[in-house]
Amino acid sequence: MKIDASKPLEYSTEENSNKIFGFWVFLGAEIPLFATLFTVYFVMVNRFANGPSGKELFEIGPVLIETFLLLTSSFTIGLAIHAMRHGYKKAMMFFMGITLLMGLGFIGIEIDEFFTYVHEGATLQTSGFLSSLFVLLGTHGAHVSFGFLWGAGIMIQLWRQGITPATANKAFIFSLFWHFLDVVWIFIFSFVYLKGLM
């Protein structure tokens with residue numbers, strides 16, 4: 001494996017560069033998935049049947065905490081990558097750990113939110129609005145949950161192997177995934193929750 005020391009570690013081999021390019025292609029394929037889910041939601045947003053509307057259902061407090069956790073975790077994963085590029089393993093693992101803890105907090109609040117909705121009688125079968133809402137939020141939440149497990153696996157590899165071209169590449173690709181989830185959440189926060197509360 002030929003290592004190009006003039007490039008950042010995560011790009012230092014041809015295989016690493018190809019993996020990063022391949023992941024950008026994967027993220028590009030994720031855009032139509034979420035675009036479809038948003039489109040379905042916008043079509044269904046006023047079809048309440050006998051169920052509640054977004055204005056009746058949404059509470060801004062938990063949503064603001066979710067937003068704070070996810071957007072701040074985007075900053076901390078950036079700090080982890082910065083530490084990685086300077087070879088600071090402990091700092092990198094610290095910031096990755098903070099990132100994953102905030103992701104876990106986000107998942108916990110979202111699960112609590114879903115239980116609250118169901119407890120209030122707002123289920124997947126209640127209306128077109130609620131089914132499209134649950135699918136959109138659930139798909140994003142499933143991605144965050146997967147990201148949490150993925151990030152935990154990378155942290156175990158970092159702990160065992162240290163910062164190598166392979167682990168740096170995996171951590172960098174994970175950071176791209178995490179930033180992508182944050183971007184999707186900004187759209188959910190703006191066009192689902194804030195618009196729904198108006």
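These legends go with a set of close-up views of one predicted model.

**View 1. The whole chain, an all-helix fold of six helices and zero strands.** Reading along the sequence, you get α-α-α-α-α-α. The C-alpha trace spans about 65 × 30 × 25 Å along its principal axes. Of the 198 residues in the chain, 43% are buried. If you take contacts with a separation of 6 or more, 81% of them link residues 24 or more positions apart. On the outside, the accessible surface adds up to about 10,300 Å², and 70% of that belongs to carbon and sulfur atoms.

**View 2. The largest nonpolar core, with 50 residues.** Phe58, Met96, Leu133 and Ile188 are the ones with the most contacts inside this core. Two or more residues come from each of helix H1 (14–44), helix H3 (60–85), helix H4 (89–119), helix H5 (128–161) and helix H6 (165–197). H6 gives the largest share, 16 residues. Zoom in on Leu133 and, once neighbours within four places in sequence are set aside, its contacts are Tyr41, Leu57, Phe58, Tyr117 and Val192. Phe58 turns up twice here: it is in contact with Leu133, and it is also listed among the core residues with the most contacts.

**View 3. Phe177 and its surroundings in helix H6.** Is Phe177 buried or exposed? Phe177 counts as buried because its relative accessibility is 2%, and the cut-off for buried is under 20%. Leaving out residues up to four places away in sequence, Phe177 touches Phe23, Leu27, His143, Phe146, Gly147 and Trp150. Take Gly147 from that list: Phe177 and Gly147 sit 30 residues apart in sequence, yet their C-alpha atoms are 7.6 Å apart in space.

**View 4. Helix H5 from end to end, and the glycine that follows.** H5 has 34 residues. How far does H5 reach from its first C-alpha to its last? The distance is 49 Å, close to the 50 Å expected at 1.5 Å a residue. Right after H5 comes Gly162, with a positive phi near 80 degrees.

**View 5. Ala49, a residue other than glycine with a positive phi.** The phi value here is near 50 degrees. For background, most residues other than glycine have a negative phi. Ala49 lies in the loop between H1 and helix H2 (54–57). With 63% relative accessibility, Ala49 counts as exposed.

**View 6. A nonpolar patch on the surface, about 370 Å².** Four residues make the patch: Phe42, Val183, Phe187 and Phe191. Which helix gives the largest share of the patch? That would be H6, with three residues. Val183 has its place in helix H6, and this residue is partly exposed at a relative accessible area of 43%.

**View 7. The salt bridge between Arg85 and Glu10.** The structure holds two salt bridges, and in this one the closest N and O atoms are 2.4 Å apart. Arg85 lies in helix H3 and Glu10 in the segment before H1, so the pair ties together parts that are 75 residues apart in sequence. Now look at how each partner is covered. Glu10 counts as buried, at 0% relative accessibility, whereas Arg85 is partly exposed, with a relative accessible area of 48%.

**View 8. The salt bridge between Glu15 and Lys19.** Here the closest N and O atoms are 3.1 Å apart. Where do the two partners lie? Both Glu15 and Lys19 are in helix H1, four residues apart, or about one turn of the helix. An α-helix has 3.6 residues a turn, so residues three or four places apart point the same way. As for exposure, Glu15 is partly exposed at 44% relative accessible area, and Lys19 is partly exposed as well, at 40%.

Technical notes: Residues numbered from 1 in each chain as written. Predicted model: local features only at pLDDT ≥ 70, side-chain atom pairs only at ≥ 80, totals over all residues. Heavy atoms only, no water. Core = buried A, V, L, I, M, F, W, Y, C linked by side-chain atoms within 4.5 Å. Buried < 20%, exposed > 50% of the residue type's maximum accessible area, 1.4 Å probe, protein only. Contact = heavy atoms within 4.5 Å. Expected span 1.5 Å × (residues − 1). Patch = residues over 30% accessible without salt bridge, like charges linked within 9 Å, V, L, I, M, F, W, Y side chains within 5 Å. Areas by Shrake-Rupley, 256 points an atom, 1.4 Å probe, with all protein chains shown as cover. Salt bridge = Lys/Arg side-chain N within 4 Å of Asp/Glu carboxyl O.
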